[in-house]
Amino acid sequence: MAGRALTPFQLTATLLVALLATCHAGSIAVYWGQNDGEASLAETCASGNYEFVILAFLPKFGKGQTPQLDLGSHCDASSGGCKSQSKDIHSCQRGGVKVLLSIGGGDGSYGLSSPGDARQVAMYLWNNYLGGTSSFRPLGDAVLDGIDFDIELGGAKFWNDLATDLNKFGKTNGGKAVLLSAAPQCPFPDEWDGNAINTGLFDFVWVQFYNNPECQFSRHGAFMDAWKRWESVPAGKIFLGLPASKDAAGTGFVPAAELTSRVLPLIKGSPKYGGVMLWSKFYDDRTGYSSAIKSHV
């Protein structure tokens, strides 16, 4: 059945709505590496669901320790086995997916003892994972796009120094810029990442709105208050961090239909809105959460 042509006013309104939707179109970031049975890195990127894949984790570094990469059962970094991931990282980057290394995590042995210690860690990260050179690069010749700060223990000092030093390495060594991201808890300000984020050097902040009942969406007013506070930080884009299934976190899971109909409409109007971060690929594989929300993010 033939439809009537749109009037000039209707056409203008339709184009305006489409433009606004495009302006606030977001991305999906996902953590990968900590669980047996999740898709490979290449498969993760080839899905087309994610613009950012965050390798989890480097849980040991700083305070004189030899840094140690832990990608679960995907590979054994101590024996050089994670160099095999280089091919997948290159594949991701050719497809336009940014790949970052997350340092820290909820369980590990890490921390910084001084500005000098922060500079040593920055130099290690630059030479072994970013644009520098080293005789032993745990992920082979792949040059990652950036570093993610998932700091949840080990002291709150000197992370701002680490961010500043990483930023300087990217600017002064002729390589590509080092993207910086952080994964603070939703209570504001974050105990661990707060000082680093306040440097104004972070491109992305994916706030963990889970395992923190006081600011999750289940408490609507507190959630919006927290989101508005996070909008105020001097960072590029703010992401809504969520578990990809009920099993992925103790609290904070939001069903996909509720996310798209009730949560995202509240925050997508923000000029700092960046999208959704998911923990993690393993759980997303089992629920299809990213596929269910992608067209709405």
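Select Gln85 to start the tour: you'll find this residue in helix H3, which covers residues 85-94. One thing to keep in mind as you click around is that this is a predicted model.

**Stop 1: Gln85**

Is Gln85 buried or exposed? Gln85 is buried, because its relative accessible area is 9% and the cut-off for buried is under 20%. Now show what surrounds Gln85. Skipping residues up to four places away in sequence, Gln85 touches Trp32, Leu41, His74, Cys75 and Leu139.

**Stop 2: the whole protein**

Zoom out and switch to a cartoon view. You should be able to trace 10 helices and 10 strands. Turn the protein around: its C-alpha atoms fill a box of roughly 70 × 40 × 40 Å along the principal axes.

How does the radius of gyration fit a compact globule? For 297 residues, a compact globule would have a value near 19 Å, and the protein has 20 Å, so the two agree.

Buried residues account for 49% of the 297 residues. Here's another number for the whole fold: take the contacts with a separation of 6 or more, and 73% of them link residues 24 or more positions apart.

**Stop 3: the nonpolar core**

Next, select Leu55, Phe149, Leu162, Trp206 and Leu240. The largest nonpolar core has 96 residues, and these five touch the most other members. Which element gives the most to this core? Colour strand S2, residues 52-58, and you have it: S2 supplies 7 residues. As a general point, nonpolar side chains tend to be buried together in soluble globular proteins.

Stay in the core and centre on Phe149. Beyond its neighbours within four places in sequence, Phe149 is in contact with a long list of residues, including Ile103, Trp159, Leu162, Ala163 and Leu166. Also among them are Leu180, Asp193, Ala196 and Phe202.

**Stop 4: two cis peptide bonds**

Go back to strand S2 and pick Phe57, which sits in that strand. Look at the link from Ala56 to Phe57: this peptide bond is cis, with omega near 5°.

Now jump to Trp279 and Ser280. A cis peptide bond joins this pair too, with omega about -5°. Ser280 is in the loop between strand S10 (273-279) and helix H9 (281-287).

**Stop 5: helices H7 and H8**

Select residues 220-231 for helix H7 and residues 256-267 for helix H8. In general, two packed helices are described by the angle between their axes and the distance between the axes. Here the angle is about 35°, and the axes are 11 Å apart. H7 passes H8 in a right-handed crossing.

Which residues make the contact? On the H7 side, show His220, Phe223, Met224 and Trp227; on the H8 side, show Val263, Leu266 and Ile267. Sorted by class, this contact has 6 nonpolar residues, 1 polar residue and no charged ones.

Zoom in on Met224, which belongs to helix H7. Met224 counts as buried because its relative accessible area is 13%, against a cut-off of under 20%. Leaving out residues up to four places away in sequence, Met224 touches Leu266 and Ile267. For a sense of scale, draw a distance from Met224 to Gly33: the two are 191 residues apart in sequence and 31 Å apart in space, C-alpha to C-alpha.

**Stop 6: the loop between S6 and H5**

Find the loop between strand S6 (146-151) and helix H5 (159-172), where Phe158 is located. Phe158 has a positive phi of about 75° although it is not a glycine. With a relative accessibility of 21%, Phe158 counts as partly exposed.

Gly154 lies in this loop between S6 and H5 as well, and Gly154 is partly exposed, at 25% relative accessibility. What is Gly154 in contact with, setting aside its neighbours within four places in sequence? The list is Lys63, Tyr110, Gly111, Leu112 and Trp192. Try a distance here too: Gly154 and Ser109 are 45 residues apart along the chain, with their C-alpha atoms separated by 7.2 Å.

**Last stop: Asn211**

Finish at Asn211, in the loop between strand S8 (204-208) and H7. Phi of Asn211 is near 55°, a positive value in a residue other than glycine. Is Asn211 buried or partly exposed? At 41% relative accessibility, Asn211 counts as partly exposed.

Definitions and conventions: Residues are numbered from 1 along each chain as its sequence is written. This is a predicted model: local features need pLDDT of at least 70, side-chain atom pairs count only at pLDDT 80 or more; totals for chains, interfaces and linings use all residues. Side-chain values use heavy atoms; hydrogens and water are left out. A nonpolar core is a set of buried Ala, Val, Leu, Ile, Met, Phe, Trp, Tyr and Cys residues joined through side-chain atoms within 4.5 Å. Buried means under 20% relative accessible area, exposed over 50%, partly exposed in between (1.4 Å probe, protein chains only). Helices (H or I, at least four residues) and strands (E, at least two) are DSSP runs, numbered from the N terminus. Contact means heavy atoms within 4.5 Å. Axes are lines fitted to C-alpha atoms, for helices over the stretch in contact, and angles run from 0 to 180 degrees between N-to-C directions. A crossing is left-handed if the near helix is turned anticlockwise from the far one by less than a right angle, and right-handed if clockwise. Ala, Val, Leu, Ile, Met, Phe, Trp, Tyr, Cys and Pro count as nonpolar, Asp, Glu, Lys and Arg as charged, and the others, Gly among them, as polar. The radius of gyration is taken over C-alpha atoms; the globule rule is 2.2 Å times the number of residues to the power 0.38.
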